[in-house]
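Q: Could you take me through one part of this structure in some detail? I would like a close look at the largest nonpolar core, and then at any backbone oddities in the loops.

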Amino acid sequence: MRESNKTILEELYRDHSKRLVGYVYSFLRSENEAEEVAQEAFLKLHSVENPEVIISHKAFLYRIAHNLAMKTLRRRKIIKFDTGINMDEMEVESNEPPADQKVSSQQEYKLFCDAVATLPPKCRAAFTLRIIHKKPFKEVSQELNISISTAEKHVLKGMRDCQKYMEKAKKKSINLTKEPSLEGIEVKRKIV
């Protein structure tokens with residue numbers, strides 16, 4: 001993201017993060033979910049490939065948040081239907097996720113922990129309190145003895161840096177798993 005776009009994102013975050021949470025809250029009626037959706041909206045805006053084509057970053061941010069809120073509401077809905085099957089009599093093999101899914105999520109978790117460990121100390125502390133321990137920015141600022149806006153900046157930087165770290169690590173692991181190709185390599189034969 002270019003410097004001017006980074007500045008736009010920081011201004012949007014500073015000026016609209018609380019309003020965006022309120023907007024999302026009006027749909028979800030859950031403060032925690034509203035804060036998570038708002039953060040995800042900022043991350044999605046940050047990861048836009050061509051931000052210079054966006055006419056109104058604020059409108060685009062609110063549209064992302066609206067779509068994420070609707071997605072959250074759809075996930076909440078439980079479709080009830082009567083199948084005529086007694087669920088108590090059915091045998092369930094296992095509640096455990098498949099082994100490959102377990103390994104994948106463990107690798108993802110380790111990668112996330114590695115990413116968090118690379119953050120500067122104050123940034124890591126703010127990020128951990130807010131994202132992992134789900135503390136409001138007010139509590140984060142009180143615990144770290146910093147202003148609320150500084151806590152918000154640390155968390156935003158932490159999200160950005162962790163995302164970059166994880167994307168870079170995933171690309172690296174994809175490149176490592178690819179088969180080496182002989183294309184473009186000159187092969188010399190030794191005559192015996």
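A: Happy to! Keep in mind that this is a predicted model.

Let's start with the core. The largest nonpolar core is made up of 39 residues. Those with the most contacts inside this core are L20, V24, A41, F42, L45 and F127. Several helices feed into the core: α1, α2, α3 (57–76), α4 (99–117), α5 (121–132), α6 and α7 each give at least two residues. The largest share comes from α1, which supplies seven residues.

F127 deserves a closer look. Leaving aside residues up to four places away in sequence, F127 touches F112, V116, L119 and I132. The contacts of F127 also include V155, G158, M159 and C162.

Now for the loops. Most residues other than glycine have a negative phi, and two residues here are worth checking against that background. R29 lies in the loop between α1 (3–28) and α2 (31–46). The phi of R29 is near 55°, a positive value in a residue other than glycine. R29 counts as exposed because its relative accessibility is 59%, with the cut-off for exposed being over 50%.

N145 sits in another loop, the one between α6 (137–144) and α7 (148–177). N145 is not a glycine either, yet its phi is positive, at about 55°. With a relative accessibility of 72%, N145 therefore counts as exposed.

Methods:
Residues numbered from 1 in each chain as written. Predicted model: local features only at pLDDT ≥ 70, side-chain atom pairs only at ≥ 80, totals over all residues. Heavy atoms only, no water. Helix = DSSP H or I, 4+ residues; strand = E, 2+ residues; numbered from the N terminus. Buried < 20%, exposed > 50% of the residue type's maximum accessible area, 1.4 Å probe, protein only. Core = buried A, V, L, I, M, F, W, Y, C linked by side-chain atoms within 4.5 Å. Contact = heavy atoms within 4.5 Å.
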